[in-house]
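This report looks at helix packing, two buried residues and some unusual backbone geometry in one protein chain. The sequence and the coordinates come first.

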Amino acid sequence: MRAVRFHDYSGLTGVRIDHIPTPPVDPGALLVRVHAAGVNPFDRYAVEGYVNAFVSFTLPAVLGRDFSGVVEAVGKEVAGFRTGDAVFGQAAADAEGTFADYVTIPCDRAARKPEKLSHIEAASLPNVLMAAWDGLFSTARGLDVQPGQTILINGAAGGIGSVAVQLARWRGARVIGTASAGNLDLVRQLGAEPRDYAASDWLDDLGQIDGVLDSADGSNADTLCEKVRSGGRYVALRGLPSAGFAERWAAKDIACRVASGPDSAGAWPDMAKVVAEGTIRPVVTEIYPLEQFGDALAALGSGHARGKTVLVVRD
């Protein structure tokens, strides 16, 4: 089978399509014929060695985590799935990835793909859904969003932000979403009140908010925290902006935390149920064939993120 593998940590120059054996089916797993695979910043960071502090790879390693496809074979200990089922989900960070014709997935990391979603749409969701879920709903790391609260999502047009807007609205929160001028209509369509973060008056008349979910780089974190009420929360998805940041704002009774998508993996069945109910509208803006994986990975650094990038593995 074809598989996009990285052989070192030199960046995209060390990544290529190899032909390797189809993986075996573990007793508690599914062998999935991949139709589409979501592309995430994690994939770009992996090939540059930036995630080695918390993920151990055995090189060469297959890239990719998100997938949508069809079950080719079912492990002998698996119940609830059968050959021919259309499924979507996410491989673990340290498992062989999904940029390949086939992938073996533990059954608890897969769910049936809703019929109304294409494989491309379904493949775009798992990573961003897990990150948004943890950032919004975790009591330990996230905002613990409650109905009636007002929250601000910074970077609301991006892959995580666009899903977070919809999840927060589903929970019953009022949502304010920041984006570049060209993405404000999308943010409005998703259900948030849009704000252009480049405008001089972008935070005027905002009032006090209950929390911030920051999917951007944290460069305006202090400005955002100034709008959070006493007792509220600021949750970052890419790390806090500086040492001492959390302590400084804790003195003003604002809790600053870092959410983690992988930590919410146990809630995957709940997330899949929300998707099946039609709550989430996938936002896919870039589609590439598997052979153009390099272009797909390079596109992640283009800025002004809008939705997700997906690789098509099988038409």
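The text below describes a predicted model, beginning with its helices and ending with its backbone.

**Helix α4 and its packing**

Helix α4 covers residues 159-171, and its end C-alpha atoms are 19 Å apart. That agrees with the 18 Å expected for 13 residues at 1.5 Å a residue. The buried residues of α4 are G159, G161, S162, V163, A164, V165, Q166, L167 and A168. Just after the helix, G172 has a positive phi of about 100°.

Two packed helices are described by the angle between their axes and the distance between the axes. Helix α3, residues 126-137, packs on α4 at an angle of about 50°, and their axes are 8 Å apart. Because an angle of this kind is neither near parallel nor near perpendicular under the cut-offs used, α3 counts as oblique to α4. The crossing of α3 and α4 is right-handed. On the α3 side the contact involves V128, L129, A131, A132, W133, L136 and F137. These meet G159, I160, V163, A164, L167, A168, W170 and R171 of α4. By class, the residues of this contact are 13 nonpolar, one polar and one charged.

Helix α3 also meets helix α8, which comprises residues 268-276. The axes of α3 and α8 come within 11 Å and cross at roughly 110°. The two helices are therefore roughly perpendicular to each other. P126, L129, M130 and W133 of α3 are in contact with W268, D270, M271, V274 and V275 of α8. The residues of the α3 and α8 contact divide into eight nonpolar, no polar and one charged. L129 and W133 appear in the contact of α3 with α4 and also in the contact of α3 with α8.

**V313 and H35**

V313 lies in the segment after β16, the strand of residues 308-312. With a relative accessibility of 8%, V313 counts as buried, because the cut-off for buried is under 20%. Setting aside neighbours within four places in sequence, V313 is in contact with R2, V34, H35, A36, A37, A100, D101 and L290. V313 and T98 are 215 residues apart in sequence, yet their C-alpha atoms are 9.4 Å apart in space.

H35, one of the contacts of V313, belongs to strand β3, residues 29-39. H35 is buried too, with a relative accessible area of 13%. Beyond four places in sequence, the contacts of H35 are S68, G69, V70, H119, L311, V312, V313, R314 and D315.

**Backbone geometry**

Most residues other than glycine have a negative phi, and most peptide bonds are trans. Which residues does a cis peptide bond join? The bond lies between L59 and P60, with omega about -5°. P60 is in the loop between α1 (41-47) and β4 (61-62).

Two aspartates have a positive phi, and the table lists them with their places.

| Residue | Phi | Place | Relative accessibility |
|---|---|---|---|
| D144 | near 50° | loop between α3 and β9 (150-154) | 22% |
| D205 | about 60° | loop between β11 (193-196) and β12 (209-214) | 76% |

At 22%, D144 counts as partly exposed, whereas D205 is exposed at 76%.

Technical notes:
Residues numbered from 1 in each chain as written. Predicted model: local features only at pLDDT ≥ 70, side-chain atom pairs only at ≥ 80, totals over all residues. Heavy atoms only, no water. Helix = DSSP H or I, 4+ residues; strand = E, 2+ residues; numbered from the N terminus. Expected span 1.5 Å × (residues − 1). Buried < 20%, exposed > 50% of the residue type's maximum accessible area, 1.4 Å probe, protein only. Contact = heavy atoms within 4.5 Å. Axes fitted to C-alpha atoms, helices over the stretch in contact; angles between N-to-C directions. Parallel < 35°, antiparallel > 145°, perpendicular 65-115°, else oblique. Left-handed = near helix turned anticlockwise from the far one by under 90°. Nonpolar A, V, L, I, M, F, W, Y, C, P; charged D, E, K, R; others polar.
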